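Hello,

Here is the structure I promised to hand over. Please look at it first, then read my notes below.

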Amino acid sequence: MRTKHLRRIRLGQPRPETTAKPVNWLWHGYLRPGSVTLLTSQWKTGKTTLIVGLLRALGPGTPFLDRPTCPAKAWVLAEEDEDQWYDRDAAHLIGEHVEILPDPFAARPTHAEWSDLIDDATDARAAGELDLFVIDPLAHFLPGHCESNGPALLDALRPLRRLTAAGAAVLLLHHPRKKPAEEGESARGSGALPGFADVVMELTRYGRLKTDNHRRRLFARSRRPETPERLAYELDAATGEFRTVIDPRDRQFAENWATVEQVLRDHGEPMTCAEIAAGWPDGGDPPSGVTLYSWLHAAHARKLLVRTGRGTSNDPYRFRRRTKEDDENERFRNSLPKVQDLTPMDNLFG
């Protein structure tokens with residue numbers, strides 16, 4: 001290609017006047033027309049469940065997890081068969097604005113078959129029949145064996161840019177690597193994948209406690225400032241409704257404080273954080289050391305516990321339940337005059 005045919009944009013000049021309408025997010029901060037979003041999480045963590053809740057909201061364009069949405073028509077390229085999606089629709093009333101493409105390939109697609117599928121989606125976009133294209137999961141439909149080969153992976157992903165150039169949003173669901181990774185870097189395979197995406201989201205369980213069974217965390221990185229870095233939510237299993245957890249740490253503390261008190265009551269003596277975790281009742285996993293440590297110090301600040309020790313390895317903090325005697329002693333100490341309130345000795349003896 002001769003450089004004189006390239007489209008060049010000179011910076012330092014006023015932006016050209018345009019009649020284009022402002023771009024509205026399909027799900028504010030996460031799904032934007034013309035962009036690719038990558039959602040990664042462990043198997044059976046709730047990716048598809050989250051997407052079902054989102055798809056249901058995109059029908060009427062009602063807020064989802066307290067973030068605005070726009071009415072949108074969606075295609076879901078799905079590994080699961082149609083019976084599973086009929087069951088989901090019966091349970092959650094997803095809506096007729098969603099169409100499922102249940103595994104249209106007899107085997108792993110060739111590059112030509114993959115490109116033809118993207119062309120079909122692009123044609124649907126041009127006809128006003130598609131706003132969001134969901135691939136669940138990405139690795140199942142990628143042509144060839146390119147997941148860990150950066151250049152080959154980009155070649156496979158590049159047709160998706162035809163779809164985003166037409167104004168559709170693309171959502172890729174993916175699995176994480178086996179080894180632990182930093183937040184935003186857990187996607188399996190080549191690092192070219194999160195680099196290709198405009199928004200990278202990671203879904204994790206909120207915690208190991210029974211009270212956290214239906215809670216999840218979303219962590220996100222984005223090229224856009226509208227994307228929130230963190231969001232916590234919970235699913236009401238009875239109604240299928242999603243709601244954000246406004247102050248998850250306080251709520252966690254309130255729901256589990258009675259168990260901490262019970263451990264201290266049963267032991268009878270001041271206990272370290274590790275001893276409290278070791279004494280956690282059967283039938284539930286104890287919180288992590290960091291979480292339990294934060295609960296204990298929050299309880300001390302709220303005057304629910306008495307703390308002794310210096311917090312060193314030789315003299316660790318120990319905690320016990322606060323008693324009425326502790327309250328009386330504190331009231332007595334507070335009744336004593338402060339040093340600055342005492343009359344100087346010189347004034348006493350004239």
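Across which strands does helix 3 (residues 111-126) lie? Helix 3 lies across strand 2, strand 3 and strand 4 (132-136). Helix 3 runs at about 165° to strand 2. Axes here are lines fitted to C-alpha atoms, for helices over the stretch in contact, and angles run from 0 to 180 degrees between N-to-C directions.

Some background. This is a predicted model: local features need pLDDT of at least 70, side-chain atom pairs count only at pLDDT 80 or more, and totals for chains, interfaces and linings use all residues. Residues are numbered from 1 along each chain as its sequence is written, and side-chain values use heavy atoms, with hydrogens and water left out.

Now the sheet. Nine strands form an open sheet with mixed pairing. The order is 3-2-4-5-1-6-7-8-9. Strand 3 (98-102) and strand 9 (241-244) stand at the edges with a single partner strand each, so one side of each has no neighbour in the sheet. On average, neighbouring strands of this sheet are turned by 20° against each other, direction ignored.

Strand 2 (residues 74-78) pairs with strand 3 in the parallel sense, over five bridges. To count as paired, two strands need at least two bridges found by DSSP. Ala-78 stands opposite Pro-102 in strand 3.

Finally, the whole chain. The chain has 12 helices (H or I, at least four residues) and 11 strands (E, at least two), taken as DSSP runs and numbered from the N terminus. Of its 350 residues, 40% count as buried, meaning under 20% relative accessible area with a 1.4 Å probe, protein chains only.

Best wishes

Key: Buried means under 20% relative accessible area, exposed over 50%, partly exposed in between (1.4 Å probe, protein chains only). Contact means heavy atoms within 4.5 Å.
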